[in-house]
Amino acid sequence: MEIIQPIITLLFFPAGLFVMGNGLAYLWVDRKLVAQYQNRIGPRWFQPLADVVKLLSKEEIVPTGIEAWLFNGLPLLALACALTAAVYVPLVGLQPAWSFQGDLIVTVYLLSVVTMSLALAGANTANRFSLIGAVRTLTQLFSYEAPFMLALLGPALVAGSWQISTINAFTGQHWLILTQPIGCVVALVGLMGKLELPPFDAPEAETEIVKGALTEYGGRGLALFQLAKAVELVVGLTLIAAFYLGGIGNPIEFFVKTLAILLVLAGLQSLFARFRIEQTAKWWRFAALLLLVQWLIIALLGGKTL
Amino acid sequence: MLALEKFIVPIGPQHPALKEPGHFEFAVDGETVTSVNVRLGYVHRGIEKATEDRNWAQNLYLLERICGICSHTHALCYSLGVEALAEVTAPPRAQVIRSLVAELERVHSHFLWLGVAAHEGGFDTLFMYSWRDRETIMDVLEGLTGNRVNYSANVLGGVKFDVDEKQRAAIQRGVDYLEERTHHYYKVVTTDSTFIRRTRGVGTLTTAQAEHVGVIGPMARASGIARDVRVDAPYAAYNLFPVNVVVETAGDLEARFVVRLKELLESYRLIREMVDNLPPGDLTVRMPRKVKEGEAISRIEAPRGEAFYFIKSNGGEKPERVKVRTPSLCNFMSIIATAPGHQLADMPMILAGIDPCFSCNDR
Amino acid sequence: MNFQVATMLSDILKSLFKRPITENYPYERRSTPDRLRGQLAWNPEKCTGCNLCSKDCPSNAIEVITIDRKAKRFVMEYHADRCTYCAQCVQNCRFDCLSLSHEHWELAALSKQPFNMYYGKAEDVQTHRKKLAESKMPKPDPVTA
């Protein structure tokens, strides 16, 4: 029995299959909300799932002149990292499946690996759009990663722990969005940068470079990358809800809070014109500075009292 | 040796940025574009040659189908040319209705452009809303002419339909709504800072450059050249309803937005005046089946600039030669003039800024 | 200079509480405008067989077949798939025999057969069909003919 329990946790619930399904459902909610904001109908509920199923059943065409094992392996790595990150966050309001001192760093690191493998996948192919997309993905990674990290470390600082479950327990009594509003906004926008959502979709801007780093992917690889993105969305939403919106204690809190964030996220997506990549970088420099100022204030006021 | 090689990013003929086929090669250094190469002609359909096989009336509908967006432009330009050759003048009421449809078409075309340009800049919300509002004008056109795209408003020697009270009310209702929305969009494109950062100072074409490469239409007017066939050589009913030319001097993408949106407001004024002051009278005059021998040139202001028709008749039932030159061709040169030095990310917007119509251009 | 962000906020907030503008065709329909140009209708009573309609048809969609000119017996063969719905034939007809319907416009079909329509009095169409069958010759394509 002691072996079966972790396997179920890993493969089915709350990590594994459940988080993938949840991610696809949230992708649909996101698309539907953006459509609603734009006065359109939007896709039906099964559309992201149908896309993934269709892509999985399609033949993967491996371009010539590239490292085939990298081409096939990187989507797997991306999905694996996203799923591993999901294990450390309080999904559905349950305690994280695994937890140790410093798992916040590991989670953020794993989420970065998803983006890294995306960039590598682009750089691996000889396609010009992919190469530009890869360069842009990396540029964006370097620009948002520092502020995003800082924004997630803000709550860690006041909670006095690097462990997600401890921070979650701490934020259960403190709504940090009230005391660290800048951190909350930057974390939210950082998630948009991570997921390459508009207006930070320069790395996959379809009117410029088709699909960016993923231009050469058509079948299984694309499906796996999409699943990784979907899982990343859930993990990111959970982290922000847990850190800034008063923690996550039960399933109702989980769904209400993450969906509330998604509502704001979809609104932000539909309000802005796409940033050019150098404009994105500029924006993030500004955000990082703001965050450092906020850190300074927290440090001056003695951290924990907040 | 490697440093000398160019990294070329191709846009088109199949590319999500362009819904029509055209090929653009951008040589880039990092993200900066260093040179541009344009290749056109992917949608050549041999329409000019095909006109020689059809009679004068049949050609009206063939030429109308050169372009889906400015279909009335082509039909009108051709009818004016043929009528000049045959020494026939359409009655005044028909002339006003022709201009009315032309202005309605300009409204629909500029709205379409607004959406496309916003989409190229990644501002899909503006795209969706402007296209939603464009439906208003499409419905007005459908109610007025019986079709959303190829209106077939013209016949040789007049127009097919009249504007009655019901149509008048529908047009005024639509124009009132669109005027309000246009003011809103004007505010969006001139004040939204994320959008301005993509348009202000991007793709600047100075007046001297504009004269040099010979741009026409809204492109020229955004670069400070007051050039408009409706004013320079009034056709149809434009001598009865004079047009105020909108000119901006900045020459950048923002100026192109401003010019087109202000032109919309000007079009609303013209449409209102036209439906209120329709002269009484017939809709058509008799047109001979055979057109006198001779040559004619007709020019009209399409939504994108000056459209030009050369028509030659040998006295028979069919034209001997019809040559079409559409505004897009003149404006492509401006891309080569403006693109180098800009970011690759600006290319779709600069491309869309000239409102290219490849199917017009290639025929 | 005005520095503003999110200038479309009012639009998207309004839309959030509104139904989408998209019409769910074919489940939702609205009435078509009176002037919509749909399927061609022909009144054989008034036709004189002058062929002005077919002469100026830009896509050769109309053929007027004369069975007996004196008795005014005509059959019209109408190719809806070729028709561009331009209404030039309606304009040309001097006897107001032709009109484009604004009700019959959903003409999509899975085969070419439904697009070949014969108009006219039932007996005339019968006669024409019989003749066609008798000749057994493949009917020449009007485009190439």
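Student: What stands opposite B:Ala302?

Tutor: B:Gly305, in strand 7 of chain B, stands opposite B:Ala302. Strands here are DSSP runs of E with at least two residues, and helices are runs of H or I with at least four, numbered from the N terminus. A word on the source: this is a predicted model, where local features need pLDDT of at least 70, side-chain atom pairs count only at pLDDT 80 or more, and totals for chains, interfaces and linings use all residues. Residues are numbered from 1 along each chain as its sequence is written, with chains lettered from A and ligands numbered from 1 in the order in which they are written.

Student: How do you know that strand 6 and strand 7 of chain B pair?

Tutor: Pairing takes at least two DSSP bridges between two strands. Strand 6 and strand 7 (residues 305-313) of chain B have nine, in the antiparallel sense, so they pair by that definition.

Student: What makes strand 6 and strand 8 of chain B edge strands?

Tutor: In the open antiparallel sheet of chain B, the order is 6-7-8. Strand 6 (294-302) and strand 8 (319-325) each pair on one side only.

Student: Now chain A: why is it called as compact as a globular protein of that length?

Tutor: Chain A has 13 helices and zero strands. Its radius of gyration is 19 Å, close to the 19 Å from the globule rule for 306 residues, so the description fits. The radius is taken over C-alpha atoms, and the rule is 2.2 Å times the number of residues to the power 0.38.
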